[in-house]
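This report describes one molecular structure, shown below, with attention to its strand pairing, its domains and selected residues.

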Amino acid sequence: MRFLILTLLCVFAFALSDASFPGGAAIAPLGAFGETAPLAFYRDRRVRVDKLPNGEWAAIVGVSIDAKPNTVGYVSYRTIEGKTGTVSFKIGKKEYPVQRLTIDKSMEALDEKTLQRVAKERETIARALAEFSETFKGETQMRAPLIAPISSQFGMKRIINQTPRRPHSGTDLAAPKGTPILAPSDGVTALADNHFYCGNFVLLNHGEGLFTLYCHLDRGAVTTGREVKTGDTIGYVGATGRVTGAHLHWSAALNGAWFDPLLLVSGDDLAKLKPKPQSPQK
Ligand SMILES: [Zn+2]
């Protein structure tokens, strides 16, 4: 069993091996320190540690979409014997598509009460993502939560009325209202609630700082704290929150940094998620 777990962890590391760029995840080899994984930290946050096939331990670090390209990140570690150190990893560059939108000014402006609500909800999500569960529940290569065309890519830079907005923090899948959303991996429901932008949503905690998020649900099918198994229905596609039509906004986070969930999807399912040849959704 232990061998199987290690193999799966390595697969996870390999799936991400070319993803050290803003909005991706980096592998930072730490060294060979025996059987017990060292603790590793990036920007003062605990990060996931996996054993590589060569026996070395490596930190698996979510790299924020806001990280500067062509720079270096630093991971500090502490072994069970008390040895400490710091390693660096390169953050490469990735070009994301740009989408320019012109919308009615009145649609864009949020009143003070809504702004306060949005700020509070951001904090709630940040607090949930800061949880570091020691046990990894997930499978390292995930299934897609549903099969549908990709209508908006992760990282899309949006310029609304000439003002740059935050890049798209997830991948949108254009499934019709009511389509069941299946847990792509085992986990625990960290949050199931309704937020202004996200609408009805479910946030799954897969352990060791890895989370996946499902937004704009017609309704959720799980409550906060519930354990889920791969393939369980966690909700249904809808158009709640700030959207123009029904779709699933799917995102993943490692150590609090959103990255493209497609980096986790197994090859079989990935091949079925084709881009949609139409204008992207919000
Ligand atoms: Zn989206």
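Strands β2 and β5 run antiparallel and are joined by four bridges. In this predicted model, local features require a pLDDT of at least 70 and side-chain atom pairs count only at pLDDT 80 or more, whereas totals for chains, interfaces and linings use all residues. Residue numbers start from 1 along each chain as its sequence is written. Helices (H or I, at least four residues) and strands (E, at least two) are DSSP runs numbered from the N terminus, and two strands pair if DSSP finds at least two bridges between them.

## Strand β2 and its sheet

Within the pairing of β2 with β5, leucine 39 has arginine 78 of β5 as its bridge partner. Strand β2 is also joined to β3, by three bridges and in antiparallel fashion; here alanine 40 has valine 47 of β3 as its bridge partner. The hairpin of β2 and β3 has two residues between the strands, and arginine 43 takes a positive phi near 50° in it.

The side chains of β2 (residues 39-42) alternate: Ala40 and Tyr42 point to one face and are buried, while Leu39 and Phe41 point to the other and are not. A residue is buried if 20 or more other C-beta atoms lie within 10 Å of its own, exposed if 12 or fewer, and partly exposed in between, with C-beta atoms placed from the backbone. Such alternation between the two faces of the sheet is what a regular strand shows in general.

Strand β2 belongs to an open sheet of six strands, with the order β1-β4-β3-β2-β5-β6 and antiparallel pairing. β1 (25-31) and β6 (84-91) stand at the edges with a single partner strand each, so one side of each is left without a neighbour in the sheet. On average, neighbouring strands of this sheet are turned by 35° against each other, direction ignored; axes are lines fitted to C-alpha atoms, for helices over the stretch in contact, and angles run from 0 to 180 degrees between N-to-C directions. At the β6 edge, eight bridges join β6 to the antiparallel strand β5 (residues 71-78), and tyrosine 77 stands opposite glycine 85 in β6.

## The three-stranded sheet

Another open sheet has three strands in the order β7-β9-β10, with mixed pairing. Its edges are β7 (98-101) and β10 (163-164), each with a single partner strand, so one side of each is left without a neighbour in the sheet. Strand β9 (residues 157-160) runs antiparallel to β10 and is joined to that strand by two bridges. Isoleucine 160 stands opposite threonine 163 in β10.

## Domains and their contact

The chain is divided into domain 1 (2-91) and domain 2 (98-272), with bounds that come from an automatic or database domain assignment. The contact takes 21 residues from domain 1 and 20 residues from domain 2; two residues are in contact if their C-beta atoms, placed from the backbone, lie within 7 Å. The elements giving two or more residues to the side of domain 1 that touches domain 2 are α1 (2-15), β3 (45-51) and β4 (57-62). Of these, α1 gives the most, with five residues. By class, this side of domain 1 has 14 nonpolar, four polar and three charged residues. The C-alpha centres of the two domains lie 24 Å apart.

## Individual residues

The table places two residues that have a positive phi although neither is a glycine.

| Residue | Phi | Location |
|---|---|---|
| Asparagine 70 | about 55° | loop between β4 and β5 |
| Histidine 216 | about 70° | strand β15 (residues 210-220) |

Most residues other than glycine have a negative phi. Asparagine 70 counts as exposed, with 9 C-beta neighbours inside 10 Å, whereas histidine 216 is buried, with 26 other C-beta atoms within 10 Å.

Threonine 135 lies in the loop between α3 (112-129) and β8 (150-152). This threonine 135 is exposed, with 8 other C-beta atoms within 10 Å. Threonine 135 and aspartate 186 are 51 residues apart in sequence and 11 Å apart in space, C-alpha to C-alpha.

## Confidence

The chain averages a pLDDT of 89, and 90% of the residues score at least 70; pLDDT is the predictor's confidence in each residue, from 0 to 100. Over residues 1-8 the pLDDT is below 50, and this stretch has three contacts in the model beyond near neighbours in sequence. Where pLDDT is low, the predicted coordinates should not be read in detail.

Conventions. Ala, Val, Leu, Ile, Met, Phe, Trp, Tyr, Cys and Pro count as nonpolar, Asp, Glu, Lys and Arg as charged, and the others, Gly among them, as polar.
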